[in-house]
Amino acid sequence: MKPAPARLLIIAGSDSSGGAGIQADIKTATAFGVYAMTAITAITVQNTTGLGAIHPVPASIVHDQIRYVLDDIGADAIKIGMLGSTDIVDAVADALDKRKSTPIVLDPVLASTSGTSLLDTDAISALTSRLFPLATLVTPNIPEAAHLAGMDICNDEQIVQAAAKLRAFGARNVLIKGGHAEGDLIRDVLIGESCKDIFEGTRIGTRAVHGTGCTLSTAIACGLARRESLPEAIKRARAYLRRALEEAPDIGRGSRPLHHMHAIPINETVRD
């Protein structure tokens, strides 16, 4: 019998276009050889050009999805993405309250790639008060970090200040992603319990930006599930994301999806 793979529970919304959310997360976990489980928080109607509608899953169903999976299969890491409402934030927090020893990567999804809000204003307070204290890592982009910290972010000093404010909510580590900053060099800044690391890379000129945040946070969670150190997991995740961007397929008329499965070769000898 083969040894069991690392297990990742993904708590997020469904993206009908397959480029972000649960669909992107499952593809990413598969590429990392990690067994993916899900608790779906919302059904979205979207494609590469934008978001048409959001249909939340009842909070009690979100809670029960998490509990049923954890009570039976367990998890080596947990990734949290789109939540949508205070009720769902509370349901997730209640379900994870006794899992404080499991690495949790929280991607505070506030808006879609097209700019549509994905989290109620009232839910932001619940997010920071209930889920940040459970998080091993929080992964906001610059606009999200600025909104959550209640400040402008225009330089490296302000990034560090914003990270300190987010850590004050209880998160052990904060990775502020620099993709929204100007310039050809992208710098992601990690501020943690005993570390400050900067991860740099050149910007890739592409319109394949749909699902980049989901993909990176899930890739990091996969590394933690496989017991990599946080800096190692981030480095591996960034390398995976870069290649997924470089090899993005020409799909859709808007923000293109990534090539999540670039690390998995097709076996041409497979037969029915």
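In which helix do R242 and E246 both lie, and how many residues apart are they? Both belong to helix α8 (residues 230-246), with a separation of 4 residues, or about one turn of the helix. The model discussed here is predicted.

**Salt bridges**

Side chains of opposite charge can pair when their charged atoms come close. In this model the count of salt bridges comes to 14. Three of them are set out below.

| Pair | Closest N to O distance |
|---|---|
| R242 and E246 | 3.3 Å |
| E228 and R226 | 3.4 Å |
| K177 and D107 | 3.7 Å |

In the pair within α8, R242 and E246 have their closest N and O atoms 3.3 Å apart. R242 has a relative accessible area of 30%, so it is classed as partly exposed. Salt bridges with shared partners also tie R226, E228, E232 and R236 into one network.

Within that network, E228 and R226 are joined directly through their side chains, at 3.4 Å from N to O. What is the relative accessible area of E228? The value is 10%, and because buried means under 20%, E228 is buried. R226, at 36% relative accessibility, counts as partly exposed.

The salt bridge between K177 and D107 spans 3.7 Å, N to O. This pair links distant parts of the chain, 70 residues apart. K177 sits in the loop between β7 and β8, whereas D107 sits in the loop between β5 (104-106) and α4 (121-131). Is K177 buried or exposed? With 10% relative accessibility, K177 counts as buried. D107 also counts as buried, because its relative accessibility is 4%.

**Strand β8 and its partners**

The loop that holds K177 leads to strand β8. Strand β8 covers residues 185-191 and is mostly covered, with 5 of its 7 residues buried. Which strands pair with β8? One is strand β7 (residues 174-176), which pairs with β8 in the antiparallel sense over 3 bridges. In this pairing L175 stands opposite L190 of β8.

The other is strand β9 (residues 196-202), which runs antiparallel to β8 and is joined to it by 7 bridges. Here I186 stands opposite G201 of β9. Strands β8 and β9 form a hairpin, and 4 residues lie between them. In a regular strand the side chains alternate between the two faces of the sheet.

Conventions:
Residues numbered from 1 in each chain as written. Predicted model: local features only at pLDDT ≥ 70, side-chain atom pairs only at ≥ 80, totals over all residues. Heavy atoms only, no water. Buried < 20%, exposed > 50% of the residue type's maximum accessible area, 1.4 Å probe, protein only. Helix = DSSP H or I, 4+ residues; strand = E, 2+ residues; numbered from the N terminus. Pairing = 2+ DSSP bridges. Salt bridge = Lys/Arg side-chain N within 4 Å of Asp/Glu carboxyl O.
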